Structure formats: C-alpha cells, structure tokens
There are 2 protein chains.
Amino acid sequence: MSKDLVFDYSHALGFMTKEELMAMEPAAAAAREKLVKKSGAGNDFVGWVDLPAEIDMEEYGRIKKAAAKIRSDSEYLVVIGIGGSYLGARAAIEFLCHSFYTLMGGTKILFAGNSVSTKYLADLLDVIGDSDFSVNVISKSGTTTEPAIAFRLFKEKMEQKYGREGAAKRIYATTDKKRGALKALADEEGYETYVVPDDIGGRYSVLTAVGLLPIAAAGCDTDALIEGFREMRELCMRESFVNNPAMLYAAARNVLYNKGKSVEVLANYEPSVHYIAEWWKQLYGESEGKDGKGIFPASIDLTTDLHSMGQYLQDGQRILLETVIEVGDTGREIICKEASVDTDGLNYLAGKNMDFVNKAAMNGTILAHVAGGVPVLKVSIKDNSAKTLGELFYFFEFACGVSGYILDVNPFNQPGVESYKKNMFALLGKPGYEELRASLMAAING
Amino acid sequence: MSKDLVFDYSHALGFMTKEELMAMEPAAAAAREKLVKKSGAGNDFVGWVDLPAEIDMEEYGRIKKAAAKIRSDSEYLVVIGIGGSYLGARAAIEFLCHSFYTLMGGTKILFAGNSVSTKYLADLLDVIGDSDFSVNVISKSGTTTEPAIAFRLFKEKMEQKYGREGAAKRIYATTDKKRGALKALADEEGYETYVVPDDIGGRYSVLTAVGLLPIAAAGCDTDALIEGFREMRELCMRESFVNNPAMLYAAARNVLYNKGKSVEVLANYEPSVHYIAEWWKQLYGESEGKDGKGIFPASIDLTTDLHSMGQYLQDGQRILLETVIEVGDTGREIICKEASVDTDGLNYLAGKNMDFVNKAAMNGTILAHVAGGVPVLKVSIKDNSAKTLGELFYFFEFACGVSGYILDVNPFNQPGVESYKKNMFALLGKPGYEELRASLMAAING
C-alpha cells in the first residue's frame, strides 16, 4: 500500500457488495498482465507502462537546461499543443504553482494552439506585445491544424522580434524523433528538439518531454514528479489486487458501470485540481468511450458547484458515480478568528483551520450524496507536492489501462477523433477531400 | 424571430421527427402561461420573468456610479459570492472582456467565497498584497458559510489597510432588502447596499445587482446587456411556438430526454463561452435535477476537447444530446498567410480568416457527431456584444422555466442543496446539530 495515495471504496458499498468487487480480481489481474507483458489490444502504445524506469536522462538534462534558460530570458512561454500535448502540463502547473501564478513574478506559461478561436489568439498576441518570450511547440506530426496555425503566428512574431537566428534559440520543438513536418523544420532552422515517443499516446505522455519541459519552465520540481511516477509504477506492478489502488479503482468503476452508472463525476475540493480533472476526462473518455460503451466522464469543482450541480447530484437521475479527489496538506493555513460581534454566526469556528471546514464540507457531502443514491469512491493524496502528483498521474494511467481491458475495448486508440478532422478538411477545401466536401455541403444546405 | 439569436434543431431530426417536436406545443404553451401568469410551482420565484421591464433605475444609477469609483480607485475588485452570486457575473465578464483581462490594464476582477480552499484564499491574499482594492460581497442571508468566511478575511485586510471608515467606502454589499446578517452589518458600518430580490433565485439573478455591479466594474456595457435582456423577453412573450427559440429549445430537449438522451453536452468553439456553460449548468442542473429526473448537464470547449472528449462523443454510450453555441462575429481577425515553404501543409488556407477555419471545424464536427449517433441542437448568436449576451441570458432562463414545467418539476426550488450543508454544519460542530453529528461520525468511522 502507498502512504501517499489511498483509494477508498467504502462509500460505494451500499451500491455494490464487497464480493462483487472481489469477483473482479481475475479480470483485473488479466488486464494487468496484458499491460505488463504488452500483450493486449493497442500494445504498440503501452510504452508509458515502463516509462518511469526508462526516462532518457540525456534528454531530461537538456530539458532542465532549456527550462532554466527560458526562466532567465522570457517573461512568457507560449506552449503550443492540443489534447495530450496540452492537458498534462496544464494540470501539473495549475496543481503545483501559485493559484494566481500568471499574476505573480516569474515566467508566465500561456497556452495556444488548443482551439481555433481568432479572439483568443489575437488577444494572446496582445498580451505578449513587446515582451520577451519563448515558444514550446508540441506536435508529433507538425501538421495538426490547431497547433500548426498557432505556431505559424508565433514563429512569425518571434522572427520579427528576434530575427530568424534569434528566434531559433527561443523555439523548442517537441516532436517525432525522426520524421514529420515539425521535425524537418526544426532540423532546418536549428531548434532544440525533444521526442514524442512512438509508443506513448498523447493522453499518457505527461512525463515525457511533452509535459516535462513546460512543467520545468514553470519552476516545478520535475525530479520529484518523476520520483513519484516511479514509485507508483512499482506499487502497481507489485501489489496484489486487494492492496492495489489502481486495480481496485478500475474494478469498482466497472462493477458500478455494469449496474447502470453511466456518468462518473470527478469531484475536487481544491481549485488547483480543476485541470487534473480535465486531464482525467481525456484519459478516460478517449480510452474507454468507444464501441458504444464507456462511462461518460464529467467533473465538478466543490464546494463551488454544490451551489450549481449540487442539486442534480443530490436528487437528479440516479445514473451517477462520484469519485472524490481529496488533497491532504496544501501547505497553507488560515485560522478562523473570533469576531467581537458574531453577526454572521461563524464564531463557532474560531480557532479552527479553514482546511478543517473544507474537510467537513467534503465528508458531509460524501454522506449526503451516498444517502441520495450516488456511490462515492475516494482517492486521497497526501499533499500537493510534485512527488504526490507523479504518483497520482501513474495511478490514473495504470487504472485506466486496466479498466479499459476489463471493459473489453482497446484503451490506446482513438479512431473517433479522425471523424471531425476529415469533415473539417473537406469543408476547408483541402485538396484530396473533394468528394466528401460535396456530400457535406449537401447535408449543410439541406 | 430574432436576428441576433437563432435556434436550429435540424441536426436533431434524425433522432426525433418534426411531428414529435410540434406535438410538444401544447405543453410548451401551458408552461409559458404558468411563467407569465405566475401560476405554476415555485411561483414565488419567477420575478426574473418580468425583471427586464422592471429594473430599478435608481439602484442601477448607483451601481454605475460605484463601478466608476471602483475603476478609478482599485487595482482589484474581489467579488465574494457562490453559485448564482458568482456564475452570472463571471460568465458575462469572461465573455465580454479581453481573453486575458487580468493581465491587461484596468481593474482586475477576482472571485472569492466560492469554495473553502485555504490555498486559494491564501494565494488570493498574496496577490492583492498592498494594492488598492474594493470588495463586493454578495449574499442574501450573509451567513452562507463559503462567502461569509471569505468576507471576514477581506474585511479584516481592508480595515487594516484603510481603517474602519475607509473600508466602509470600499465595501459594497449586495444582500436582502431588509433583513439578514449582511444587511444588518452593512447598515451598521455604512456600506453601500444593493438588493437581492425576494422573488428571484440565485441562478436567475444575473441581471439584478448581483451580476450588474461586478459586470459594470469590469468595464462592460451594462446598458446594452439590459437592452438585449429586454428584447428577448418581449420575443419570448410574443412569439408563437414555431417562432419562439426558447420554447423550441425547451421542447426539443424534452423530446430527446424522453428518448433516452440522459446527458446534454453544451459545446462552444470560443474559450470566452466557457463560463456561460458553467452558468448554464447551474441553471439547468439546479432547475431540473430533482425527483430522480432531469438531463445531466455537462460542457465541453471545442475544438480543445475534440482531442479529449471527442472520442467519447463520437463513439461512446449513445446517451448524449449536444447543444452547440455558435458565436458569429467576435470582432477580431487573423488572416492565414502563405508560407514560402509549405512544410506544415497549411498553405491551402492562405488568405482565409481563421474564423473560417473555426466554423469549418464546427460544421464538420456537427455532421460527424450526428453521423455517430448524437442529436445536435444549435444556438447561433450574432456576435460577442453585451446586447447579444443579454438576449442569450434571457433565452436560456426562459427556456429553462418552460423545460422544467414540461418535465413536471418545480424549476425554482433547490431542496437538495440543503443536504450537504446540514451534514457540514454537524461535522463542524455547529450548535444545534449534535444529534446529526453523532450519527454522521458513526457513519464515517464505520
């Protein structure tokens, strides 16, 4: 068992029996075997399983050096990427940094290329203005539309400001090892490059260069992040079902799914966890949402959304399963004080840490939701350190692989992502899509 | 029909017939009648229906004056509120302001009291530091735990900096007209006060003082916002079913719900719409999620999440209904340029506005999702102006009232929100909750 991450299914036992959960052991063990032996569906993309033990230290050294340079010469780092080339870094930075890190000193990390909003990109160009900046462009192929468009803009802005040679020293490309448009451009221009591995899909890539460079540039402790990632890998490999939080989580959500829980709501009580939930939604939605199957992943920020989605959670359609992420120590303290006149009636909290109030809200809510008909699973992590986050990342990745195999899907492909792209290319008039274009235009025009 | 807001159900017609939609007319008409005549369930809380015609111009004048003062004397405005006292203002500000408004000049609006995270509040206190700031505390009772705790902290900080009298000139209280803890404190201290009406619930309150003061303080055009709100009210009152976008939207989602579409995903293609989706989730989740019924409201930002939730939308469980918000003109332009060497293969877009790419992505995605088994509804708004936003707000509110009555729930109560509060009070040791506390502690300790 880990001391840093504890999985608790006790609040779901009114909705499944312990026997039903334990009956999942053979399926979970078979799933783990497929991951470890690389013998299951999608086995070309399970490089992340052993990644913690195989991090390329030469490249990691270059990442740390680049991060230090960026922090010394750039007010902004624009990270250009979408999906897995965006969410992992964002999740880590929002979790580990100051809640308002873009308003504090130091290099500000801003994200681009994760949509095609003109307003967003034009506004981002405004913000950067004449400030010193660097760019980390992340794309395996270099031709994905969203990041490619954004990169053209920022490359142009940078070459105008620093000249072509100067720009080449401020552009960092994370891309394919050997081929592709971005790799070719980077070699020609002399950009520093880092590798998106062939055997790791985007949503499992946070501890490759894809995530590590932006996270390091934000000033986070990537050594500790990697250490936690390694420790959780060892635990997932070693522990038997009953002591294995990732296998238990995978098993529990499948038992509940089979009982009609169609939607899993990931709940947090710390705003800093918000983007971990976004990362988690990609991980689970993209791994399991196929063949007409899979739990629909949603997320809520609490107690914020208890005054929004709270009513639905308590009394709406009983198709929900809730998974709570509890963060132990956030390293900050605010003690509630006694007021001379107790107008707001809060004096009964005097002397208590605000965290105590937050934990009471969490425990009270869990019990209320269980009483209202929602099974609750809980993932408690010790603190908001980089090491703990590394453990959490691996926990969710490993559990997702196991869960997908139990569900009997290929957790490592994403065939559905191509559908919108093909249609978009056709509507944009991209050469080679003429036939599809004609049929789509007919559909649009009725 | 409105020229500024168009509702399109054509992409859902493969999943419901036009006859099925039209058969909803009597139910929708009866629901509208209940709203307008204030004769339905929860009729004590339908003050928002006529709000556009009844805005208190004396108070509105004071709001505009206060906003001007805040903009002249404060680097930060801390808006303290939760649920409906948070989401409406946040939605409007994020939609109408610069995408990075906290990094640009002018008064920065930051939000507090919408969670009990120690880290968030301590970090927020850091950010404000020694800067000049004002506070707008929004709470009908003044005793809701989250905002009350935050207000104590910022009141203390302000009195330390400006003295008690100086602080009283920088604290703006939006609260009950006559009673409650915050009203009493405001009268005693001499705070400027604004009214949370008795007959308008939080989630319908964005165009009361609750939303108007923060929105005005952010520099947005509240006159235009109100104008749009008024125009859409007239349209909703006047138009028959087939020309009434709010009634059609309410009807369509109920038809699809009855066919097993349990989850509605609100999708946008502009990051600035993100918080409108959060506001919408409260509006619909809290109004309809009761009695074991109601569509579960979720949201996605596209094309961002096409590389995350996109796979699920395309191929996961077919329990989804998607509603797209299309923003016409965002007032910004970026023209794609021709590159001398077409490494990334984007030259076929040369000369096109980036918005053209975004719209192609939207249209391509709609067709892909329909082909994949997801009915799509579309709400197209003309631009991202304040007037259009006023229309959108009223459209969603009116549609929600109609939809809730069709579903046969009381769309204006939220009994489930009390459940977590009671448990929280008991676990916090609040006097009067001793018996509940004993039973909850037993449940927690197994």
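User: Where is Thr303(A) found in this structure?

Analyst: In this predicted model, Thr303(A) has its place in the loop of chain A between β8 (296-301) and α12 (310-315). Its counterpart in number, Thr303(B), is found in the loop between β8 (296-301) and α12 (310-315) of chain B.

User: What kind of peptide bond joins Leu302(A) and Thr303(A)?

Analyst: The angle to read here is omega, and for the bond that joins Leu302(A) and Thr303(A) omega is about 5 degrees, the bond being cis. In chain B, a cis peptide bond joins Leu302(B) and Thr303(B), with omega about 0 degrees.

User: Which sign does phi have in Asp291(A), positive or negative?

Analyst: Phi is another backbone angle to look up residue by residue, and in Asp291(A), which is not a glycine, phi is positive at about 55 degrees. Asp291(A) is in the loop between α11 and β8 of chain A, and because its relative accessibility is 58%, it counts as exposed. Lys38(B), also a residue other than glycine, has a positive phi near 50 degrees; Lys38(B) lies in the loop between α2 (25-37) and α3 (57-73) of chain B, and with 33% relative accessibility it counts as partly exposed.

User: How do I judge whether a residue such as His11(B) is buried or exposed?

Analyst: The general idea is to compare the relative accessible area with a cut-off, since a residue under 20% counts as buried. His11(B) has a relative accessible area of 16%, and therefore it is buried. His11(B) sits in the loop between β1 (5-8) and α1 (18-22) of chain B, and, when neighbours within four places in sequence are left aside, His11(B) is in contact with Ile366(B), Leu367(B), Val370(B), Pro375(B) and Val376(B).

User: Which residues does Asn254(B) touch?

Analyst: Not counting residues up to four places away in sequence, Asn254(B) touches Met24(B), Ser403(B), Ile406(B) and Leu407(B). Asn254(B) is part of helix α10 (residues 245-258) of chain B, and it counts as buried because its relative accessibility is 4%.

User: How far does helix α14 of chain B reach from its first C-alpha to its last?

Analyst: A useful step is to set the span of a helix beside the span expected at 1.5 Å a residue, and for α14 (residues 386-407) of chain B, with 22 residues, the reach is 31 Å, close to the expected 32 Å. As for cover, 22 of the 22 residues of α14(B) are buried. Asp408(B), which follows α14(B), has a positive phi near 70 degrees.

User: How far apart are the end C-alpha atoms of helix α6 in chain B?

Analyst: The end C-alpha atoms of α6 (residues 145-168) of chain B, a helix of 24 residues, are only 22 Å apart, whereas a straight helix would reach 34 Å at 1.5 Å a residue. In α6(B) there is a kink of about 110 degrees, and the kink is centred on Tyr162(B).

User: At what angle do helices α11 and α14 of chain A pack?

Analyst: For a pair of helices one reads the angle and the distance between the axes, and α11 (residues 274-288) and α14 (residues 386-407) of chain A pack at about 20 degrees with their axes 9 Å apart. An angle under 35 degrees counts as roughly parallel, so α11(A) is roughly parallel to α14(A). Residues making the contact include Trp279(A), Trp280(A) and Leu283(A) of α11(A) and Phe393(A), Phe396(A) and Cys400(A) of α14(A). The crossing of α11(A) and α14(A) is right-handed.

Notes
Residues numbered from 1 in each chain as written. Chains lettered and ligands numbered in written order. Predicted model: local features only at pLDDT ≥ 70, side-chain atom pairs only at ≥ 80, totals over all residues. Heavy atoms only, no water. Helix = DSSP H or I, 4+ residues; strand = E, 2+ residues; numbered from the N terminus. Buried < 20%, exposed > 50% of the residue type's maximum accessible area, 1.4 Å probe, protein only. Contact = heavy atoms within 4.5 Å. Expected span 1.5 Å × (residues − 1). Bend = angle between axes of the 7 residues up to and from the residue. Axes fitted to C-alpha atoms, helices over the stretch in contact; angles between N-to-C directions. Parallel < 35°, antiparallel > 145°, perpendicular 65-115°, else oblique. Left-handed = near helix turned anticlockwise from the far one by under 90°.
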